[in-house]
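Trainee: Before we start, could we go through how the labels get assigned? I'd like to hear the reasoning behind each one.

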Amino acid sequence: MAIRWTQYLHKGFHDELIGPRGKPWPAAAHVAKYLRSLKDNEIEQRRAAAELAIRAMGITFTVYNQDGGAIDRAWPFDIIPRIIEKREWTRIEEGLKQRVRALNLFIDDIYNAQRIIKDGLFPAELIESSSNFRPQCLGISPRFQVWAHICGSDLVRDKDGTMYVLEDNLRVPSGVSYMLENRLVMKRVFPELFEQVDIQPVDNYPSQLYDMLASLSPRPGDKPEIAVLTPGIYNSAYFEHAYLAQQMGAELVQGTDLVVGEDDRVYMRAVEGLRQVDVIYRRIDDLFLDPEAFHPDSVLGVPGLLRAWKAGKVALANAPGAGVADDKVVYAFVPKMIRYYLDAEPIIDNVPTFLCMNPKERAHVLANLDKLVVKPANESGGYGMLVGPHASAQEREKMARQIRRNPRNFVAQPTLSLSTTPTLVGTGVEPRHVDLRPFILSGETVQTTTGGLTRVALRRGSLVVNSSQGGGSKDTWIVEAEEK
């Protein structure tokens, strides 16, 4: 027998599959029993089948090296699923919907009345110094007052089992295609488990995304023309752009494929001539979206696109300017936003966060760099952050200089004992740290993916789950607990 759960050691951490006494959690009981029944050669066959499926399906991600070159690599995937009990997931889902509603109300408020600033609950200087605040969007209120139509909120669990929101991704969040492909791979590798266990589906996401985008169309009643706007094949998330366009039956376009007419409508160049586009799912950052409004030298965007959006002739998802809330300093205020806009207590808590812009909190951070995780306000992908307990003295001193130079740009958080889940190492299992990125769609209604993308730190002891930093992923199963 290859997997013996009694020998699986995860002391000091909450494990997502195995409880503290070496027995699986109720929702994971059947899967744990099945995995225990597999012999070494059977486990190796399943892993080989997964790797073959990933190559055959062309599932890749892009890593950039220090010279600016790009390398395509096969998607790193572990075949042991991460399991969450359905009853717990129901609560998480409500918390995510609550959070994204408050964030959208905050963004709409910031670009219009700014009530939260006038009422003294949010500092005006945070907006004035925000690298993602877009003055060009002042006075605009998109349909349904929704700015962040696709949100990916990262969740982590501490050693006591408590789930926290680690950060919100509101600009151009990525990863959902890998969630969908992970499920397809698992169905090939463990078809018998999908017959035996009632696993909540995720494959309806493309249709949910299409319906949400269609609800934004300025031409209600007609079948809208939807396009996915990509920077092109050299973008690290291009696989996802192409995948989602294909799954939705939408057009995959680059900036040069679109033109804004004198009537402020957006048209796509097609063989038969110009065809009006109603909704654009844009995967290009704000500053490159429209050279008329933002960077004048951008060759990725579409001249006049912001003008067309302001005129209500095209819908953009996510809306320009949504990134004002995609800021790790603004993140610290989300619980206040929930209380202010929704008159409710947060269902899912934030990780405790120290703002380096506040002198007292900055002094605490500088005195405890060896114990904290320090993050720049607007970086993503794990770049620019310091994991204090694992950093050298030179790295901590370098971070201290950066904090003193620009305190507004940094936050710090306790080093959480991130939960683990069994991960295949050889033909046995070892605990590896994980997080979870569910995706929330907001349009006329708000919907969440059932589970999300579980990212796993494949290196022993590592807390960094990003694929660009050596992480991988797992399929996430939402499962009813078995009756005792």
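Mentor: Sure, and burial labels come first: buried means under 20% relative accessible area, exposed over 50%, and partly exposed in between (1.4 Å probe, protein chains only). This is a predicted model, where local features need pLDDT of at least 70 and side-chain atom pairs count only at pLDDT 80 or more, while totals for chains, interfaces and linings use all residues. Residues are numbered from 1 along each chain as its sequence is written, and side-chain values use heavy atoms, with hydrogens and water left out.

Trainee: Why is Glu85 called partly exposed?

Mentor: Its relative accessible area is 23%, and the partly exposed label covers what lies between the buried and exposed limits. So Glu85 is partly exposed. Arg87, in contrast, has 67% and therefore counts as exposed.

Trainee: What makes Arg87 and Glu85 a salt bridge?

Mentor: The rule asks for a side-chain nitrogen of Lys or Arg within 4 Å of a carboxyl oxygen of Asp or Glu. For Arg87 and Glu85 the N to O distance is 3.6 Å, so the pair fits the rule. By that rule the count comes to 31 salt bridges.

Trainee: What are the closest N and O atoms of Arg455 and Asp154 doing, distance-wise?

Mentor: They are 3.3 Å apart, and the two residues form a salt bridge. The pair links distant parts of the chain, with Arg455 in strand 22 (residues 453-457) and Asp154 in strand 4, 301 residues apart. Strands (E, at least two residues) and helices (H or I, at least four) are DSSP runs, numbered from the N terminus. Both Arg455 and Asp154 are buried.

Trainee: And Glu292 with Arg307, which label does each one get for accessibility?

Mentor: Glu292 is at 51%, so it counts as exposed. Arg307 is at 33%, so it counts as partly exposed. Their side chains meet in a salt bridge at 3.2 Å, N to O.

Trainee: Why is helix 6 called roughly perpendicular to helix 9?

Mentor: The axes of helix 6 (residues 176-189) and helix 9 cross at roughly 70 degrees and come within 9 Å. That crossing makes helix 6 roughly perpendicular to helix 9, because angles of 65 to 115 degrees count as roughly perpendicular, under 35 as roughly parallel, over 145 as roughly antiparallel and the rest as oblique. Axes are lines fitted to C-alpha atoms, for helices over the stretch in contact, and angles run from 0 to 180 degrees between N-to-C directions.

Trainee: Which residues of helix 6 and helix 9 meet?

Mentor: Contact means heavy atoms within 4.5 Å. Val176, Ser177, Tyr178, Leu180, Glu181 and Leu184 in helix 6 meet Phe239, Glu240, Tyr243 and Leu244 in helix 9. Among the buried residues of helix 9 (residues 238-248) are Phe239, Glu240, Tyr243 and Leu244. Right after helix 9 comes Gly249, with a positive phi near 70 degrees.

Trainee: What makes the phi of Asp264 worth mentioning?

Mentor: Most residues other than glycine have a negative phi. Asp264 has a positive value, near 65 degrees, and is found in the loop between strand 8 (258-260) and strand 9 (266-270). Its relative accessible area is 19%, so Asp264 is buried. Gln145 also has a positive phi, near 60 degrees, but at 40% Gln145 counts as partly exposed.

Trainee: Where is the cis peptide bond?

Mentor: It joins Ala317 and Asn318, with omega about -5 degrees. Asn318 is found in the loop between strand 12 (315-317) and helix 11 (328-331).
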